[in-house]
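Here are some exercises to work through with the model open beside you. Try each task before reading its solution.

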Amino acid sequence: MSEKTTLDRRFFMKGAGATALFGSAMAGGLAVPATTNAKGMGHTSMSMAYDLNEEFNRIGSGDSKWDGVRRRARPHDVPFPMGVADMDFRTLPHITEALMKRMGHQNWGYQPAPADFYDNIIAWNAKRYDQTVKPGSILNAHGVLDGCLSILKLHNTNGAPVLIQTPGYSGFFSVVRNAQFSSLENPLVLNDGRWEMDLETMGKQIDEHDVKVMLFCNPQNPTGNCWSPEEMRAMGDLCISKGVLVISDEIHCDFVNKHATYTPYATLGEKYAQSSYTLKSTSKSFNLAAQHVAYLFSDNQKMIDDLKKSGHQRGSLNALGMIACNAAYKHGATYMDDMQAYIDGNCHFLEKYCAEEMKDVKYKVHEGTYLAFIDCTRVAKKLGGPNGEQRVGDLLQRFFIEKAGVNLNPGENYGKNGAGYMRMNLATTHKKLHGALNAMKAAIDAI
Ligand SMILES: Cc1ncc(COP(=O)(O)O)c(C=O)c1O
C-alpha cells in the first residue's frame, strides 16, 4: 500500500468513523447490532457488522450503472461508473436471506404483502424521523415515479405546467412528460455554494401559469440539500395560499450527512400534511431499485381515496420486492446508520481532494443524498467549451469517460442552470472514489 493511500485511509477513518476500514467482523453471519433511533440526523460512528469496503463486483448482473454504461461507452473502459443513482455495496444480508428463503418455496402464485409490511413502514418512519404515517393512508407503488405519475394525472386538472425547482431530479421531467404535461423550471439560486429557493419567482410563475402541482424533492437530488423547516414552511405557505399541491419525493431521506438534519415536509404541521403527498421507498437506501416497490401516503384521506379510485395501479406488488422491502425496514437500521457515516466520509474526502489536489473542480460537503453536484465550469473552460449545439455537460461527460474512465451525469439533465456541473454518485467504496478522483485529476492536469 502506498504512503499516499495510507494517508487517505487515515482521512477516511477520521471522516467516517473508525471501523469500516478494517473489513467486516461479520464473517458471513448475520450479526445484528442493536438498532438506533436516528431522528433524521447523520451518524457519527459505525458498527462492525457490514463490510462497506468490500469490492463487490456488480459486473455481469446486467445492471444499468455498470453493464449498461460500459456497453454504451465502448471502446472505452469505464472502471468508475458514478452516474446512475444506485449503490456499489452488497445489500443488507437479511434481505438476501429472506429472498433466498422465499425462492426455495417454488410457488409463484398471487401473494399479498407480508402481514407486518405496513407496520414496518410505519415503525421506520416513526423511529427514525418522528413521522406519523397513519395506517390506511399508505398506497403501494411500483416506484416513486409511478406514484408521482398517478398523482399528477389526478391533480393537474387544468393541464398547467408542473413546477420543478432546478437543478432538479431528471426523472421529474420525464414523469411530467409521461403524464403529458409540460415542466416549468423554478431555478434555485446559488448563495455561497448552497442552492437556495427563489420563492418570489416561484409565486410569479404560479400566478402566470395557473400552476396546480409542484414536484418537490427532500433531500434534494442533485444539489444534496436537506431543506430546513423554515425553508419548507415558506415554500409550503406560498403553495397553500395559491392552491398548489406539493408532491414531496423523499426517497433519499435515509442519507443524511453528520452535520445535517432531514425534516419530512408533512411533519411541518397539519396544513402542510393535508395539502401534500409524500413518496418513499427502500430502493435507494438498500439498493433495491429493480425490485420495484415503493409507497406513498398523505394525511388527507380524501386525496388517498380519490387516488385509489382514479386508476392508480392496483395494490398488488411483486412478491420478492415486498419481501425485500419488509426485511430492509425490519433489520436495516444499523446498516443504514453505517451507510450514512461511510458516505459522509466520502463527501469529506471529495471536498478535501478538490480543495487540495483538483482545484479546477469545486465542491462543498452537501447535506443529504449520496449524490455530489460538482462544479466543473473551469474544466469545461480549459477544454475550450462545447461545440455548436453540444451541451457543456456532454463535453464534460465524454472527457471524463474517455480520459479518466469515470462516468458522471451532465448537470443540464437537471435543468438549464445545471450547466457546468456534473452529478457524481458517491455510493461507492473509499478506494473506488479515490481511484476515480486520481484518474480525473490526471486527465485534467493533462489538458
Ligand atoms: C429523487 C428521486 N426520485 C425518484 C427516483 C426513482 O425512483 P423509482 O425508481 O422508485 O421510481 C430517483 C432515482 O434516482 C430519485 O433520485
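**Exercise 1.** In which loop is glutamine 180 found?

*Solution.* Start with the ground rules. This is a predicted model, in which local features need pLDDT of at least 70 and side-chain atom pairs count only at pLDDT 80 or more, while totals for chains, interfaces and linings use all residues. Residues are numbered from 1 along each chain as its sequence is written. Helices (H or I, at least four residues) and strands (E, at least two) are DSSP runs, numbered from the N terminus. With that in hand, glutamine 180 falls in the loop between α6 and β4. Next, look at the backbone: phi of glutamine 180 is near 70°, a positive value in a residue other than glycine. Finally, count neighbours. A residue is buried if 20 or more other C-beta atoms, placed from the backbone, lie within 10 Å of its own, exposed if 12 or fewer, and partly exposed in between. Glutamine 180 has 10 other C-beta atoms within 10 Å, so this residue is exposed.

**Exercise 2.** Which residues is alanine 179 in contact with, leaving aside its neighbours within four places in sequence?

*Solution.* First place the residue: alanine 179 also sits in the loop between α6 and β4. Its class is partly exposed, because it has 19 C-beta neighbours inside 10 Å. Now apply the contact rule (C-beta atoms, placed from the backbone, within 7 Å). The partners of alanine 179 are Leu149, Leu152, Lys153 and Asn156. As a check, the C-alpha atoms of alanine 179 and asparagine 156 are 9.4 Å apart, with their positions 23 residues apart along the chain. Then turn to helix α5 (residues 144-155), whose buried residues include Leu149 and Leu152.

**Exercise 3.** What kind of unit do β3, helix α6 and β4 make?

*Solution.* Begin with the strands. Two strands pair if DSSP finds at least two bridges between them. Strand β3 (residues 162-166) and strand β4 (residues 183-187) run parallel and are joined by 5 bridges. Leucine 163 lies opposite leucine 184 in β4. Then add helix α6 (residues 170-178), and the three elements form a right-handed β-α-β unit. Right-handed here says that, with the strands pointing away from the viewer, the path from the first strand over the helix to the second runs clockwise.

**Exercise 4.** Which strands does β10 pair with, and how do they run?

*Solution.* Take one partner at a time. Strand β2 (residues 138-141) is antiparallel to β10, with 4 bridges, and alanine 141 has alanine 294 as its bridge partner. Strand β9 (residues 276-281) is likewise antiparallel to β10, with 4 bridges, and lysine 280 is bridged to tyrosine 295. Now look at the side chains of β10 (residues 294-297): Ala294 and Leu296 point one way, Tyr295 and Phe297 the other, and all are buried.

**Exercise 5.** Where are the cis peptide bonds that precede proline 75 and proline 219?

*Solution.* The bond from arginine 74 to proline 75 is cis, with omega near 10°. Proline 75 belongs to the loop between α2 (64-73) and β1 (80-81). The bond from asparagine 218 to proline 219 is cis as well, with omega near -10°. Proline 219 belongs to the loop between β7 (213-217) and α8 (229-241).

Note on methods: Two residues are in contact if their C-beta atoms, placed from the backbone, lie within 7 Å.
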